[in-house]
Amino acid sequence: MIIKSAEFTVSNTQISKLPPCVLPEYAFIGRSNVGKSSLINMLTEVKGLAKTSQKPGKTQLINHFLINNEWYLVDLPGYGYAQSSKTNRVQWAKFIKNYLEKRESLQCVFVLIDSRLPPQKIDVEFCCNLGEKGIPFILVFTKSDKQGVVKSQQNMATFKKELLKYFEDVPEMILTSAETKFGREKVLGLIAEINTH
Ligand code: GTP
Ligand code: MG
């Protein structure tokens with residue numbers, strides 16, 4: 001897929017103020033610092049479109065980016081940031097739950113997983129929650145440039161094994177790097193496929 005245009009549309013704390021549900025959208029979620037915002041910049045090839053940071057907890061709002069005037073990429077705040085207060089975490093959970101469960105134009109959630117790590121409980125639990133609610137998701141493993149491909153593949157295989165304890169089948173899994181653009185075509189190809197259905 002060719003990205004002709006990518007524009008920031010709106011940031012929100014309130015579900016009621018999101019853009020109208022008329023265009024398909026794809027949301028990026030995962031642990032704080034896993035690389036959600038970086039992946040959006042890599043896919044669109046617009047540096048700084050989504051704000052990134054070395055410090056976790058950078059993205060705090062629901063951010064909509066309009067792509068090719070046809071569909072949205074949505075950057076969400078991360079989960080599992082140890083430094084955030086309990087009140088913040090409870091608020092995050094409510095806000096995100098509301099968004100994921102009620103957003104009618106949401107086609108698919110991309111759950112980002114750090115390819116350097118063995119399965120993390122919080123990620124597995126998040127996937128299980130999506131599964132229970134029947135929300136379609138795809139797994140995107142990030143930061144593949146930080147290590148050898150064999151190590152990434154091992155971690156992906158272990159994650160798959162872990163999910164198979166809870167699911168009959170596992171969703172699509174894609175290895176990516178925001179640094180080298182590895183996996184870009186694959187992610188965009190999947191979006192294009194869903195958009196045409
Ligand atoms: P929050 O908004 O805090 O939840 O984080 P995020 O998931 O949006 O992460 P972000 O994109 O801000 O990236 C976090 C850090 O990881 C930044 O320092 C990025 O430069 C770095 N990073 C993200 N993706 C990659 C990647 O593929 N390769 C490398 N080497 N670094 C990456
Ligand atoms: Mg972010």
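Which strand do 4 bridges join to strand β2 (residues 25-30)? The partner is strand β4 (residues 71-75), and the two strands run parallel. This is a predicted model. The report starts with the whole chain, moves to the sheet, and then turns to single residues and the ligand.

## The chain as a whole

The protein chain holds 5 helices and 7 strands. Read along the sequence, their pattern is β-β-α-β-β-α-β-α-β-α-β-α. Two strands therefore open the pattern, and a helix closes it.

How does the chain fill space? Its C-alpha atoms fit a box of roughly 40 × 40 × 35 Å, taken along the principal axes. A compact globule of 197 residues would have a radius of gyration near 16 Å, and the protein chain has 16 Å, so the two agree. Buried residues account for 31% of the 197 residues.

Contacts tell us about the fold too. Take the contacts between residues at least 6 apart in sequence. Of these, 72% join residues at least 24 apart.

## The sheet

In what order do the 7 strands lie in the sheet? The order is β1-β3-β4-β2-β5-β6-β7. The sheet is open, and its pairing is mixed. β1 (6-12) and β7 (173-175) stand at the edges. Each has a single partner strand, so one side of each is left without a neighbour in the sheet. From one strand to the next, the twist averages 25°.

In general, strands of a sheet pair through backbone hydrogen bonds, either parallel or antiparallel. Here are some of the pairs. Strand β2 has 4 bridges to β4. It also has 6 bridges to β5, again in a parallel run. In that pairing, Glu25 has Leu106 of β5 as its bridge partner. Next, β5 and β6 pair in the parallel sense over 6 bridges. Leu112 stands opposite Val140 in β6.

A helix lies across part of this sheet. Helix α3 (residues 121-133) crosses β5 (106-114) and β6 (137-142). Its direction is at about 165° to β5.

## Ala27, a residue in β2

Ala27 is found in strand β2. Is it buried or exposed? It has 24 C-beta neighbours inside 10 Å, so it counts as buried. The cut-off for buried is 20 or more.

Its bridge partner in β4 is Val74. Now set aside the neighbours within four places in sequence. Ala27 is then in contact with Val74, Leu76, Leu106, Val109 and Phe110. Ala27 and His64 are 37 residues apart in sequence, yet their C-alpha atoms are 9.0 Å apart in space.

## Helix α1 and the ligand

How many residues of α1 are buried? The count is 9 of the 9, so the helix is largely enclosed by the rest of the structure. The buried residues are Lys36, Ser37, Ser38, Leu39, Ile40, Asn41, Met42, Leu43 and Thr44.

Helix α1 (residues 36-44) also gives the most to the shell around ligand 1, with 3 residues. There are 23 residues around this ligand, and Gly35, Ser38, Thr52, Thr59 and Gly78 come nearest. By class, the shell has 4 nonpolar, 13 polar and 6 charged residues.

## Three positive phi values

Most residues other than glycine have a negative phi. Some residues here go the other way.

Asn33 is not a glycine, yet its phi is positive, at about 80°. Its place is in the loop between β2 and α1. Asn33 has 21 other C-beta atoms within 10 Å, so it is buried.

Asn69 also has a positive phi, near 55°. This residue sits in the loop between β3 (62-67) and β4. Asn69 has 9 C-beta neighbours inside 10 Å, so it counts as exposed. The cut-off for exposed is 12 or fewer.

The last case is Glu45. It follows α1, and its phi is positive, near 60°.

Key. Residues are numbered from 1 along each chain as its sequence is written. Chains are lettered from A and ligands numbered from 1 in the order in which they are written. This is a predicted model: local features need pLDDT of at least 70, side-chain atom pairs count only at pLDDT 80 or more; totals for chains, interfaces and linings use all residues. A residue is near a molecule or strand if its C-beta atom, placed from the backbone, lies within 6 Å of it. Ala, Val, Leu, Ile, Met, Phe, Trp, Tyr, Cys and Pro count as nonpolar, Asp, Glu, Lys and Arg as charged, and the others, Gly among them, as polar. The radius of gyration is taken over C-alpha atoms; the globule rule is 2.2 Å times the number of residues to the power 0.38. Two residues are in contact if their C-beta atoms, placed from the backbone, lie within 7 Å. Two strands pair if DSSP finds at least two bridges between them. Axes are lines fitted to C-alpha atoms, for helices over the stretch in contact, and angles run from 0 to 180 degrees between N-to-C directions.
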